[in-house]
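Work through these exercises with the structure open beside you. Try each task before you read its solution.

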Amino acid sequence: MQKRTLGTSGLEVSALGLGCMGLNFGYGPATDKTEAIALIRAAVELGVTFFDTADMYGVGANEELVGKALAGRRDQVVLATKFGFVRDKDNPGVRGIRGDAAYVHEAVDNSLRRLNVDHIDLYYQHRVDPNVPIEETVGAMAELVQAGKVRHLGLSEAGAETIRRAQAVHSITALQTEWSLWSRDIEDEIAPVCRELGIGIVAYSPLGRGFLTGRFTSTASFGEGDFRVVGQPRFSEENLAKNQAIVEALKAVAAERGVTPGQLALAWVQHRGSDVVPIPGTKRIKYLEENVAAAELTLTADDLAAIEAAVPLDAVAGARYPEERMRAVGK
């Protein structure tokens with residue numbers, strides 16, 4: 001596996017990481033713990049060194065899973081987690097956003113305990129708290145660096161102005177944001193600002209939450225309780241049917257090149273720049289292996305043009321989040 005450096009931070013990670021959320025949160029029933037641990041460890045064996053989780057995934061259960069899977073492998077990996085969403089174990093559907101200094105310190109200690117590590121390599125604010133100045137939040141995060149609890153700082157789904165203000169307080173290593181063939185709003189303003197400031201970009205859902213692989217053709221394709229069909233407009237039955245044409249076009253381009261549509265979509269994200277690291281997730285080792293193989297694909301200018309022609313932005317039906325959740329994006 002090739003390596004990439006996140007911005008100008010010096011933090012080196014595998015060219016492709018593993019998003020661990022779906023193993024026990026969000027995408028239907030949780031994976032059996034033994035199988036989930038085996039998958040994470042298989043990723044290490046395949047050369048993946050970059051693992052992403054968050055305290056909100058399963059109200060801490062995902063961090064515990066990742067920590068257990070990587071026990072004994074700590075010096076081989078770069079461990080990233082996030083804070084900011086507040087969930088209640090007794091009512092996990094209720095959540096808010098906190099970025100106050102006291103909560104920053106509370107959240108990191110809880111994450112360190114669940115992960116069973118003495119430091120976090122990359123610590124993100126999951127969403128910007130609209131009621132707390134970013135200077136306070138990043139100032140508190142900087143204190144974690146000084147204390148040795150965190151090595152690098154990141155933001156997730158932050159807007160250009162917020163990124164600039166955060167960078168003025170402490171160096172920001174990476175911005176995590178959704179970036180795929182059907183989610184490209186980062187390209188107009190946010191990606192250029194990150195590059196101007198030397199901030200790496202970690203692309204979550206680079207496979208369009210799995211849709212661009214071609215494995216989902218109707219809402220019946222998803223497991224019970226899968227939040228894609230419960231609360232994401234692009235996955236409504238009506239929009240899913242409209243977006244199916246995108247996948248069929250991508251399949252045709254992939255077939256000409258002897259790869260899967262998922263591999264082509266993933267390679268497209270990696271070709272956005274050497275400062276971009278996608279973190280696809282999966283529950284199955286065979287798809288993990290497929291994703292890792294995509295990291296080795298080289299696309300020509302003609303390939304990229306054909307891919308983008310197959311997935312024109314104006315053909316995508318539905319927003320990536322419901323309206324109320326989109327209000328927390330790009331702040």
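The exercises below cover a cavity and some salt bridges.

This is a predicted model, in which local features need pLDDT of at least 70, side-chain atom pairs count only at pLDDT 80 or more, and totals for chains, interfaces and linings use all residues. Residues are numbered from 1 along each chain as its sequence is written, and side-chain values use heavy atoms, with hydrogens and water left out.

**Exercise 1. The cavity**

Find the residues that line the largest cavity, and sort them by class.

Solution.
- Start with the term: on a 1 Å grid over the protein atoms alone, a cavity is a set of points where a 1.4 Å probe fits but cannot get out, and lining residues have an atom within 4 Å of a point.
- Next, count: there is one cavity of 30 Å³ or more.
- The volume of the largest cavity is about 40 Å³, taken as the space filled by probe spheres set on the points.
- Now list its lining: E178, W182, G208, R209, Q232, R234, F235 and R320.
- Sort them: two are nonpolar, two polar and four charged. Gly counts as polar here.

**Exercise 2. A pair between two helices**

Which residue forms a salt bridge with R114?

Solution.
- Recall the rule: a side-chain nitrogen of Lys or Arg lies within 4 Å of a carboxyl oxygen of Asp or Glu. By this rule the structure has 19 salt bridges.
- The partner of R114 is E63, with the closest N and O atoms 2.7 Å apart.
- Place both: R114 sits in helix α3 (residues 101-115) and E63 in helix α2 (residues 61-69), 51 residues apart. Helices here are DSSP runs (H or I, at least four residues), and strands are runs of E, at least two residues.
- Check exposure: buried means under 20% relative accessible area, exposed over 50%, and partly exposed in between, with a 1.4 Å probe and protein chains only.
- R114 is buried at 16%, and E63 is buried at 0%.

**Exercise 3. A pair at the cavity**

Where in the chain do R320 and E178 lie?

Solution.
- The two side chains form a salt bridge, 2.9 Å from N to O.
- R320 is in the loop between α11 (301-310) and α12 (323-326), and E178 is in strand β10 (residues 174-178), so the pair ties together parts 142 residues apart in sequence.
- R320 is buried at 6% relative accessibility, and E178 is buried at 2%.
- Both residues also line the largest cavity.

Technical notes
1 Å grid on protein atoms, 1.4 Å probe; cavity = no way out; pocket = protein on both sides within 12 Å on 5 of 7 lines; lining within 4 Å.
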